[in-house]
Amino acid sequence: MEKRAKNVHTIDVIFPLALLLIFGFCAVTVVLQGAQVYRKTAGGLRANYTVRTAVTYLQEKVRECPDAGRAEIRKEADGDVLRLTQTVKGEEYVTCIYCKDGTLRELFCREGEPFRPEAGQELMPVDSFFAQWEENNLIKFTVSWEGQTEEVFLRFYAKEKDRAEK
């Protein structure tokens, strides 16, 4: 039996190799684009979760307050401060909610003590926190973080007393 010599052409090697390289390049490109989309989506979900959590926290704090007369909004150097007054064992205490150094904070202290923003407990990261009185016992809160902004209106259901905006 005779063996025939096979002629191997350059194209027979280059063509499958080129197809393999093109497939590899396309696969890597698709994986990198998918990772970028995932990273962007996860960041948006995280920002959305943080902002909505902050708004839910504010809702619960306002619901704990017995009436609008026990709430006030003050303008401090760093921004708005929501002050909610409550009586505990016959003494007046104030819960202050505000934004400082990129975090939403809460400070619980006796009425009359000086406001020290650095003493508040850090709750969650936020870029900004704004509060303002609207009509009919309504407070408008605006909270934002990483480009995500949430605006909510909350109402006091108890009767309105003297409410202060200082």
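Is E111 buried, exposed or partly exposed? In this predicted model, E111 is partly exposed, with a relative accessible area of 40%. The residue is a useful point of entry, since its side chain takes part in a salt bridge with that of R83, at 3.3 Å from N to O. R83, by contrast with a partly exposed residue, counts as buried, at 7% relative accessibility. E111 lies in the loop between β4 (103-110) and β5 (121-125), whereas R83 belongs to strand β2, so the contact ties together parts that are 28 residues apart in sequence.

This pair belongs to a wider arrangement. E72, R74, R83 and E111 are linked in a network of salt bridges. Within that network, the side chains of R74 and E72 meet at 3.2 Å, N to O. R74 is partly exposed, with a relative accessible area of 22%, while E72 counts as buried at 11%. The structure holds 14 salt bridges, and another of them joins the side chains of D101 and K100 at 3.9 Å, N to O. Here the acidic partner, D101, counts as exposed at 63% relative accessibility, and K100 is buried, with a relative accessible area of 17%.

From the charged pairs the description turns to the helix α1. This element has 55 residues and reaches 81 Å from its first C-alpha to its last, close to the 81 Å expected at 1.5 Å a residue. Which residues of α1 are buried? They are G43, A47, T50, V51, A54, V55, Y57, L58, K61 and V62. The list includes the lysine K61 and the threonine T50 alongside nonpolar residues such as V51 and L58.

The helix also contributes to the nonpolar interior. The largest nonpolar core has 25 residues, and those with the most contacts inside it are L82, I97, L104, F129, F141 and F156. At least two residues of this core come from each of α1 (10-64), β1 (71-76), β2 (79-88), β3 (91-100), β6 (128-133), β7 (138-145) and β8 (148-155). The greatest contribution is that of α1, with five residues. A second, separate core has six residues, among them V81, V94, Y98 and L107.

L104 offers a view of the surroundings of one core residue. Leaving aside its neighbours within four places in sequence, L104 is in contact with A54 and Y57, with I97, Y98 and C99, and with Q121, E122, L123, M124, V126 and F129. Two of these partners, A54 and Y57, are among the buried residues of α1. I97 and F129 are, like L104, among the residues with the most contacts inside the largest core, and Y98 is a member of the second core.

How are the strands β6, β7 and β8 arranged? They form an open sheet in the order β6-β7-β8, with antiparallel pairing. The edge strands are β6 and β8, each of which pairs on one side only. On average, neighbouring strands of this sheet are turned by 15° against each other, direction ignored. The helix α1 packs on the sheet and touches β6, β7 and β8; its direction makes about 15° with that of β8.

The pairing of β7 and β8 can be followed in detail. These two strands pair in the antiparallel sense over eight bridges. F141, one of the residues with the most contacts inside the largest core, stands opposite V152 in β8. Elsewhere along the pair, S144 has T149 of β8 as its bridge partner. The hairpin of β7 and β8 has two residues between the strands, and E146 takes a positive phi near 50° there.

The backbone of that turn deserves a closer look. Most residues other than glycine have a negative phi. E146 has a positive phi of about 50° although it is not a glycine; it is found in the loop between β7 and β8 and counts as partly exposed, at 44% relative accessibility. K89 likewise has a positive phi of about 50° without being a glycine. K89 is found in the loop between β2 and β3, and at 84% relative accessibility it counts as exposed.

Technical notes: Residues numbered from 1 in each chain as written. Predicted model: local features only at pLDDT ≥ 70, side-chain atom pairs only at ≥ 80, totals over all residues. Heavy atoms only, no water. Core = buried A, V, L, I, M, F, W, Y, C linked by side-chain atoms within 4.5 Å. Buried < 20%, exposed > 50% of the residue type's maximum accessible area, 1.4 Å probe, protein only. Helix = DSSP H or I, 4+ residues; strand = E, 2+ residues; numbered from the N terminus. Contact = heavy atoms within 4.5 Å. Expected span 1.5 Å × (residues − 1). Salt bridge = Lys/Arg side-chain N within 4 Å of Asp/Glu carboxyl O. Pairing = 2+ DSSP bridges. Axes fitted to C-alpha atoms, helices over the stretch in contact; angles between N-to-C directions.
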